[in-house]
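Dear colleague,

I am handing over a structure that you have not worked with before, and my notes on it follow below. Please keep it open beside this email as you read.

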Amino acid sequence: MKKRLALLLVACTAALSGALAQGGRGFLRQEWIVERGDSIPLVHILPVYVFDRPADLRRYQKLVRAVKRVYPVARAARAKMAEMEGELLRLPDRKAQKAYIREVYRQIKEEYTPVAKHMTRTEGRVLLKLIDRETDYTAYEVLREFRGGFVAGFWQGVSRIFGQNLKSEYDKEGEDRIIEQIVVYYEAGLL
């Protein structure tokens, strides 16, 4: 019995040291449970994705890079929108609200134009999806609410020319389940 336990401990130590040598990224966490006086390692392993073709792996890696790059922007949009909604309710009349919206628009344009200019199409599409995920409004609805229907329609037309859609909604159970999974891993610090 002691030999088996010693052999099991040596095997587990070798496996865990190999995982730690890789930066500890092969598993989520390690726990030890005691069963009838024996300590047993319990290791929660990350899922491993297997792709049939190298092109699928490259596509997934490209999506991961896009989410990593634009998710902070989507979270900032959520925070800014919550701040704007609170401030708009506080302002007394429509004229003051329009002035406030113009000022916020100018600030956002100064801050995010350099970032948006260097985005790829994939990053732009992911950003539109993540804005819908974070704010529960599509990009078109946000534009229509804060800038007006004409401006929203204009930018929808421009985005359609370039193969995007401001009205695209986030479907975490359907076509966007991979993005949802990447976001969950990103928030957990696993990417």
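To begin with one residue: is K98 buried, partly exposed or exposed? Bearing in mind that this is a predicted model, K98 comes out as partly exposed, because its relative accessible area is 43%, which falls between the 20% below which a residue counts as buried and the 50% above which a residue counts as exposed.

K98 is part of helix α3, and together with R94, R102, K109 and R147 it makes up a positive patch on the surface. Helix α3, which covers residues 94-117, supplies the largest share of this positive patch, namely 4 residues.

The other point concerns the aromatic rings, where 3 aromatic pairs are counted. In one of them, F51 and Y60 are paired in a tilted arrangement, with 5.4 Å from centre to centre and 40° between the planes. The partners in this pair are classed separately: F51 has a relative accessibility of 29% and so counts as partly exposed, while Y60 is buried, because its relative accessible area is 16% and the limit for buried is under 20%.

Another pair is made by F154 and W155, which meet edge-to-face, with 5.0 Å from centre to centre and an angle of 75° between the planes. Here F154 counts as partly exposed at 46% relative accessibility, and W155 is likewise partly exposed, with a relative accessible area of 40%.

With best wishes

Definitions and conventions:
Residues are numbered from 1 along each chain as its sequence is written. This is a predicted model: local features need pLDDT of at least 70, side-chain atom pairs count only at pLDDT 80 or more; totals for chains, interfaces and linings use all residues. Side-chain values use heavy atoms; hydrogens and water are left out. Patches are made of residues with over 30% relative accessible area and no salt bridge: like charges are joined within 9 Å, nonpolar side chains (Val, Leu, Ile, Met, Phe, Trp, Tyr) within 5 Å. Accessible areas come from the Shrake-Rupley method with a 1.4 Å probe; for residues, only the protein chains shown count as cover. A salt bridge is a side-chain nitrogen of Lys or Arg within 4 Å of a carboxyl oxygen of Asp or Glu. Lys and Arg count as positive and Asp and Glu as negative; His and the chain ends are not counted. The place of a charge is taken as NZ of Lys, CZ of Arg, CG of Asp or CD of Glu. Helices (H or I, at least four residues) and strands (E, at least two) are DSSP runs, numbered from the N terminus. Buried means under 20% relative accessible area, exposed over 50%, partly exposed in between (1.4 Å probe, protein chains only). Rings of Phe, Tyr and Trp (its six-membered ring) pair if their centres lie within 6.5 Å; planes under 30 degrees apart count as stacked, over 60 as edge-to-face and the rest as tilted.
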